[in-house]
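The following exercises treat pockets and helices, each with a worked solution. Please examine the sequence and the coordinates before reading the solutions.

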Amino acid sequence: MNILLKSAKVIRPQSEYHNKSLDILISNGTISEIAESITPPEETEIVQRRNLHVSPGWLDSSVSFGEPGYEDRETIDNGLKTAAASGFTAVIVNPNTFPVADTNADIAFLKASAQNRTTNLYPMGALTAKSESIDLAELFDMKSAGAVAFGDYKKPVSNPNLLKIALQYARNFDGLVLSFPQENKIAGKGVMNEGSTSTRLGLKGIPALAEELHIARDLFILEYTGGKLHIPTISTAKSVQLIREAKEKGLDITCSVSIPHLLFTDEVLQQFNTNYKLLPPLRSKEDTKALIQGLREDIIDFVTSDHDPIDIEHKNVEFDRAMYGSTGLESAFGALRTIMDTESAVSLLCKGRSRFGIAENDIRVGQKADLSLFDPEEEYTFGEANILSSSKNSVFIGQKLKGRVYGIISNGKSVIPR
């Protein structure tokens with residue numbers, strides 16, 4: 001199969017083609033020619049789109065699909081179709097299924113269910129058995145089966161000695177450990193950020209201290225044990241500072257931030273809209289500014305949509321009882337473009353592969369085509385019709401976004417809706 005991208009502007013700062021509008025010919029899944037003008041061979045699919053841009057394929061490091069166990073929220077099949085249409089050629093899938101993905105058989109099931117797809121699925125194994133923070137899960141066996149990291153999604157490791165043992169054990173096979181940053185004894189029964197807004201609304205708050213104390217603990221443990229630690233979805237200014245100091249010490253630490261936490265504050269909860277009930281909770285304006293600055297200074301390593309489909313039965317209820325989470329794949333690029341230039345937004349979406357042991361991709365002749373296609377300028381209002389996930393719980397409904405995804409080319413296939 002031949003695909004010819006016509007007049008596609010390349011966004012890849014490390015490449016000689018950066019910011020140049022070129023024709024790119026893909027033959028049997030491999031980039032075979034890059035030039036100002038290419039005459040297509042016979043039986044070639046020609047892709048021409050308004051303001052077509054191309055970059056190496058995007059990665060999302062925190063995606064939840066429901067299967068197995070919660071297929072009513074999202075299946076692997078529809079989830080991967082959604083990821084492809086949203087510009088992602090690779091997703092790391094969290095273990096928050098039923099049963100929890102904590103054995104090599106669970107990892108093998110996820111990989112088998114995602115074979116021969118355009119978007120690659122990389123499973124994350126649970127760090128502890130059943131994500132209960134009591135006993136370590138089968139980390140090495142899961143690594144051998146294809147797990148790229150280990151963490152309990154949205155569940156902190158409550159036992160500090162267990163995290164110490166996990167980091168020491170994972171060092172033997174270069175495993176990456178994740179630790180969700182929340183001290184539940186401080187968070188208590190909070191459902192949103194603790195501050196003036198929570199007081200005004202009469203809702204119990206989760207103090208920033210709950211996150212920061214947990215991160216400080218984890219960094220002390222990492223300094224003692226060595227190993228590789230990733231802290232997902234930080235949300236406070238102090239968290240950024242703590243990780244800055246840890247990196248200055250030379251610790252092997254990375255962190256991410258969810259895209260909604262870059263755009264929204266706890267003030268959006270005035271209407272008790274459960275789509276905005278997230279974990280960690282949306283914080284203050286000062287925190288949002290610090291997170292954006294942390295990205296610009298490379299203290300925060302990469303962004304994630306933190307895509308978490310939740311069925312209507314668990315969202316269309318009182319705020320206190322609603323489940324945490326928002327879909328995010330479909331809105332990720334358009335949301336980032338509202339606060340960042342094209343190059344910065346794309347670079348962030350391309351980052352993270354090496355951290356998870358996934359091969360880097362590039363745009364050059366002889367390279368397997370792993371590409372995201374998009375228009376970074378188109379503006380539109382995001383609505384429910386833009387949500388491709390089975391669940392429709394998005395924080396971005398009604399928001400003005402900038403940047404439209406055309407599709408992807410990966411694994412010798414293309415998803416480019418007409």
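**Exercise 1.** Determine which residues lie nearest the centre of the second largest pocket and how its lining is made up.

*Solution.* Step 1: the second largest pocket is lined by 17 residues, and those nearest its centre are Ala85, Asn386, Leu388, Arg404 and Val405. A pocket is, on a 1 Å grid over the protein atoms alone, an open set of points where a 1.4 Å probe fits, with protein on both sides within 12 Å along at least five of seven lines; lining residues have an atom within 4 Å of a point. The model is predicted: local features need pLDDT of at least 70 and side-chain atom pairs pLDDT 80 or more, whereas totals for chains, interfaces and linings use all residues. Residues are numbered from 1 along each chain as its sequence is written, and side-chain values use heavy atoms, without hydrogens and water.

Step 2: helix H11 (332-336) and strand E16 (400-410) each supply at least two lining residues, and E16 gives the most, with 4 residues. Helices (H or I, at least four residues) and strands (E, at least two) are DSSP runs numbered from the N terminus.

Step 3: by class, this lining has 9 nonpolar, 4 polar and 4 charged residues. The volume of the second largest pocket is about 340 Å³, taken as the space filled by probe spheres set on grid points joined across faces, edges and corners.

**Exercise 2.** Characterise the largest pocket by its volume and its lining.

*Solution.* Step 1: the largest pocket holds about 750 Å³ of space. Step 2: its lining comprises 37 residues, with Tyr153, Lys154, Lys155, Asp308 and Met323 closest to the centre. Step 3: the classes are 16 nonpolar, 14 polar and 7 charged residues.

**Exercise 3.** Compare the expected span of helix H8 (residues 237-248) with its end-to-end distance, and locate its buried residues.

*Solution.* Step 1: at 1.5 Å times one less than the number of residues, the 12 residues of H8 should span 16 Å, and the end C-alpha atoms are 17 Å apart, which agrees. Step 2: Ser239, Val240, Leu242, Ile243 and Ala246 are the buried residues of H8, buried meaning under 20% relative accessible area with a 1.4 Å probe and protein chains only. Step 3: seen down the axis, these residues fall within an arc of 165°, so they line one face of H8; the arc is that of the directions from the helix axis to the C-beta atoms. Step 4: they pack against helix H7 (208-225), strand E13 (253-258) and helix H10 (285-296), with contact meaning heavy atoms within 4.5 Å.

Note on methods
Buried means under 20% relative accessible area, exposed over 50%, partly exposed in between (1.4 Å probe, protein chains only). Ala, Val, Leu, Ile, Met, Phe, Trp, Tyr, Cys and Pro count as nonpolar, Asp, Glu, Lys and Arg as charged, and the others, Gly among them, as polar.
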